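Here is a small set of exercises to work through with the viewer open. Try each task yourself before reading its solution.

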Amino acid sequence: MTSYITGDELAEIIRSGKIPKKDYLVVDVRDDDYAGGNIVGGLNMPSNEFLNNVDKLVKETKNVPLVIFHCALSQVRGPKAARIYKETRQNVLSETDSTSSTKILVLRDGFTGFQSKFKDDANLVENWDKDVWASDWS
């Protein structure tokens, strides 16, 4: 079952002074739609390359207590990446590491929801481009 975190909850974690890639990690699995902004401190791991890189990600994040996945809307790619990460973690790490207290969450409403609320906060969103988000569908 997929567990979610809200944009407000993620913003609180980032603002708390916790260290990305140590205390938490945001994994952004957007592909070409990565342009136009991203969450500060996040790691872009495009969904079309995710399977090839997930073993490495698991090994590099085995001691990170909170791993949060998202895509544009967190409806398909984000939840799928979180599931693959969780399964790979169970297969790659030793029993004690794979069952450690790492929480694996998905950002509700994805980056689209996050940027609509926090795009003006440089501590939360970087590389934001209004032209990318000015299209008809946003």
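## Exercise 1: Around Asp28

Leaving out residues up to four places away in sequence, Asp28 touches Tyr34, Asn38, Leu43, Asn44, Met45, Pro46 and His70. Please keep in mind that this is a predicted model.

**Task.** Place Asp28 in its strand, decide whether Asp28 is buried or exposed, and find the polar contact of its side chain.

**Solution.**

1. Start with the secondary structure: Asp28 belongs to strand β2.
2. Next, check the accessibility. The relative accessible area of Asp28 is 3%, and buried means under 20%, so Asp28 counts as buried.
3. Now look at the side chain, which makes a polar contact of 3.5 Å with the side chain of His70.
4. Finally, try a distance along the backbone: the C-alpha atoms of Asp28 and Ala72 are 8.6 Å apart, although 44 residues separate the two along the chain.

## Exercise 2: From His70 to its strand

**Task.** Find the strand that holds His70, and work out how that strand is joined to β2.

**Solution.**

1. His70 sits in strand β5.
2. Strands β2 (residues 25-28) and β5 (residues 66-70) run parallel and are joined by 4 bridges.
3. Within this pairing, His70 is the bridge partner of Asp28, and Ile68 is that of Val26.
4. His70 is buried too, with a relative accessible area of 0%.
5. Beyond four places in sequence, the contacts of His70 include Val26, Ile39, Gly78, Leu107 and Phe111.

## Exercise 3: The sheet and the enclosed strand

**Task.** Give the strand order of the sheet, explain why β1 and β4 stand at its edges, and judge how far β5 is enclosed.

**Solution.**

1. The open sheet has 5 strands in the order β1-β6-β5-β2-β4, paired in parallel.
2. β1 (4-5) and β4 (43-44) each have a single partner strand, so one side of each lacks a neighbour in the sheet.
3. β5 is also joined to β6 by 4 bridges, again running parallel; here Ile68 stands opposite Leu105.
4. Count the buried residues of β5: 5 of the 5 are buried, so this strand is largely enclosed by the rest of the structure.
5. Both faces of β5 are covered, with Leu66, Ile68 and His70 on one side and Val67 and Phe69 on the other.

## Exercise 4: Helices and cores

**Task.** Describe how α2 lies on the sheet strands, which side of α5 is buried, and which residues have the most contacts inside the largest nonpolar core.

**Solution.**

1. Helix α2 (residues 47-60) lies across β2, β4 and β5, at about 165° to β2.
2. In helix α5 (residues 110-118), the buried residues are Gly110, Phe111, Phe114, Gln115 and Phe118. They cover an arc of only 120° around the axis, so they lie on the same side of α5.
3. Among the elements covering these buried residues are α1 (7-15), β5 and β6 (103-107).
4. The largest nonpolar core has 19 residues, and Val27, Val29, Phe50, Leu57, Phe69 and Tyr85 have the most contacts inside it. Two or more residues each come from β2, α2, β5, α3 (77-92) and β6.
5. Take Tyr85 as an example: beyond four places in sequence, Tyr85 touches residues including Phe50, Leu57, Val67, Phe69 and Ile104.
6. A second, separate core has 18 residues, including Ile13, Leu105, Leu124 and Val125.

Methods:
Residues are numbered from 1 along each chain as its sequence is written. This is a predicted model: local features need pLDDT of at least 70, side-chain atom pairs count only at pLDDT 80 or more; totals for chains, interfaces and linings use all residues. Side-chain values use heavy atoms; hydrogens and water are left out. Two strands pair if DSSP finds at least two bridges between them. Contact means heavy atoms within 4.5 Å. Axes are lines fitted to C-alpha atoms, for helices over the stretch in contact, and angles run from 0 to 180 degrees between N-to-C directions. Buried means under 20% relative accessible area, exposed over 50%, partly exposed in between (1.4 Å probe, protein chains only). The arc is that of the directions from the helix axis to the C-beta atoms. A nonpolar core is a set of buried Ala, Val, Leu, Ile, Met, Phe, Trp, Tyr and Cys residues joined through side-chain atoms within 4.5 Å. A polar contact is a pair of N or O atoms within 3.5 Å; within protein, one must be able to donate a hydrogen and the other to accept it, and residues adjacent in sequence count only if both atoms are side-chain atoms.
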